[in-house]
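Hi,

Here is the structure I said I would pass on. Have a look at it first, and my notes follow underneath.

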Amino acid sequence: MKFAKLFQQALSNEHIPPEWIDKAIQYKQLKKRINKVVSELEEIGIHRDDISYNDVEYDFQIGDDHRVHPHLRIRISPLIKSIIMDKLDTLHYTYQIEPLSVTEVSSANSAINPFDDTEPYYELKISLLEDAKFFQILYDEIEELNTFQEEQELRISGNVERLANDISSLTIPNMKKSDMYVWREIFQHYIESEIFYSTLERKAGNVDIELSKERLILFCKHINEMHLLDKFKHKESVIAFTAFKNLNFNILQVSTYQSFNTLAVTKILKKFDKQTQLVSKDVFPKILVTSTASTTAAVNILKGSIAQDICFIISNKLLSIVPQIDDYLCPICCSIAFKPIRLGCGHLFCIRCLVKLRRKREDKCPLCRKECLLGLTVDDLDGAMVNYMKTYFPKEVREKTMENDKEIWVEQYGDSKACVLQ
């Protein structure tokens, strides 16, 4: 099946809104434009069967007025030089033609007429008409798409902020009916799902769209199977979770739309190069990146970064509302670092683990091995962090306190369970 039809079917199958489809890359119309470029090349005497990629240099300039100016440099043999010049003069084209040195011909590895060394090869410099129209249309469509992308990103960011405000009011730590622990568990599962962006070293970066969809569905299924919504104390939390779920499906929809359009840009440039024997698929995207006239968004349509950008916003403005226990664990006992002490090297441990190390006359940080333990005093206790942990992790603090008390009891009185009171 032709890509143009597949492209339209894909947009329809993903339930892309009709107004979005109208803004999508018009692949079918651009494909027809390529035929006009081929006809123009043939009209001036350049046939794609007579040239190879080694004989062509293609570059672009984008002016301050956002006009695209392609420039074609093509090496021609003396056999067709006069024919092409006659046609260009007849058609009133502006062009330049210069002889190439023997070194330039050799380095070009030209396949036009490699055995003819009686006359020099020539380099024809010319600006075509139809290719300028083709790339102008493509550039304008990319610009429109990226304006749309910026609007979507701004809209989604606003939804994130509103949702963050709603969840903040439902997760106040000292509130009698706080949903802090339920939201913490939901956010923890969300972070571990890595729906749109992977942090694993070997797979770091944007996640494939299909995999993102699969992970998002599994995340929602997992939340339902654990009956986490039934644990909410406020009905507003259920409403907020529905909004959070819809937010992620909206990000997936925008990312899918962007991915399809990026693929369409890649495909149409590849089709252009195949039909014309010109080389645009690597050069045109680069000129979008380097052009001062090009907006930041015009680069993004080729990079597909909207999911990453939105995930960064979600992480900083939404997920951070409810701190995760993993960020406050002691590296030694792997439980909450209650009554934490931050060493001179910057690493943080719970006081109980450091006391044990001090008893062994250990002076080195367990992580970086810097000598800084023996000089610690009670003043090194982070009082602000103690209060923070009591506020946001009351259950974990109680459990840690009980464990420490039990351990101290055993150290002082042995493992006997008998009552020592007389």
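Before I get to what covers what, one definition: I call two residues in contact when heavy atoms lie within 4.5 Å. Also, please keep in mind that this is a predicted model.

With that in place, let me start at helix α14, residues 383-392. Its buried residues are Met385, Val386 and Met389. Looking down the axis of α14, these fall within an arc of 105°, so they line one face of the helix. What covers them? The cover for the buried residues of α14 includes strand β7 (340-342) and helix α15 (394-413). There is also a cap at the N-terminal end of α14: Asp382 places a side-chain oxygen 3.4 Å from the backbone nitrogen of Ala384.

Now the general picture. The chain has 422 residues, and buried ones make up 43% of them. I count 15 helices and 8 strands. Among contacts with a separation of 6 or more, 70% are between residues 24 or more positions apart. The chain exposes about 23600 Å², with carbon and sulfur atoms supplying 52% of that.

The sheet

Four of the strands make an open sheet, in the order β1-β2-β4-β3, with antiparallel pairing. β1 (56-62) and β3 (95-99) are the edge strands, each pairing on one side only. On average, neighbouring strands of this sheet are turned by 15° against each other, ignoring direction. Helix α6, residues 130-170, packs on the sheet and touches β1 and β2, and its direction makes about 140° with that of β2.

As for the pairings themselves, β1 and β2 run antiparallel and are joined by 7 bridges. Tyr58 stands opposite Leu72 of β2. The β1-β2 hairpin has 5 residues between its strands, and there His66 takes a positive phi near 65°. β2 (residues 68-76) is in turn joined to β4 (residues 122-126) by 5 bridges, again antiparallel. In that pairing, Ile74 has Leu124 of β4 as its bridge partner.

Which side chains of β1 are buried, and which are not? Val56, Tyr58, Phe60 and Ile62 point to one face and are buried, whereas Glu57, Asp59 and Gln61 point to the other face and are not. That is the textbook pattern: in a regular strand the side chains alternate between the two faces of the sheet.

Backbone spots to look at

Most residues other than glycine have a negative phi, which is what made me stop at a couple of loop residues. His15 has a positive phi of about 55° although it is not a glycine. You will find His15 in the loop between α1 (3-13) and α2 (18-23). Is His15 buried or exposed? With a relative accessible area of 65%, His15 is exposed.

Arg369 also has a positive phi, near 70°, and is not a glycine either. It sits in the loop between α13 (351-359) and α14. At 45% relative accessibility, Arg369 counts as partly exposed, because the exposed class needs over 50%.

Around Leu348 and Pro366

Pro366 belongs to the loop between α13 and α14. Its relative accessible area is 31%, which makes Pro366 partly exposed. Leaving out neighbours within four places in sequence, Pro366 is in contact with Ile332, Phe349 and Leu357. The C-alpha atoms of Pro366 and Leu354 are 9.7 Å apart, with their positions 12 residues apart along the chain counted as the separation.

Leu348 lies in strand β8, residues 348-350. Its relative accessibility is 15%, so Leu348 counts as buried, the cut-off being under 20%. What does Leu348 touch, not counting residues up to four places away in sequence? The answer is Pro331, Ala337, Pro340, Ile341 and Arg342. Between the C-alpha atoms of Leu348 and Leu367, which are 19 residues apart along the chain, the separation is 9.9 Å.

That is what I have. Tell me what you make of it once you have looked.

Best wishes

Notes
Residues numbered from 1 in each chain as written. Predicted model: local features only at pLDDT ≥ 70, side-chain atom pairs only at ≥ 80, totals over all residues. Heavy atoms only, no water. Pairing = 2+ DSSP bridges. Helix = DSSP H or I, 4+ residues; strand = E, 2+ residues; numbered from the N terminus. Axes fitted to C-alpha atoms, helices over the stretch in contact; angles between N-to-C directions. Buried < 20%, exposed > 50% of the residue type's maximum accessible area, 1.4 Å probe, protein only. Areas by Shrake-Rupley, 256 points an atom, 1.4 Å probe, with all protein chains shown as cover. Arc of directions from axis to C-beta. Polar contact = N/O pair within 3.5 Å; in protein donor to acceptor, adjacent residues only side chain to side chain.
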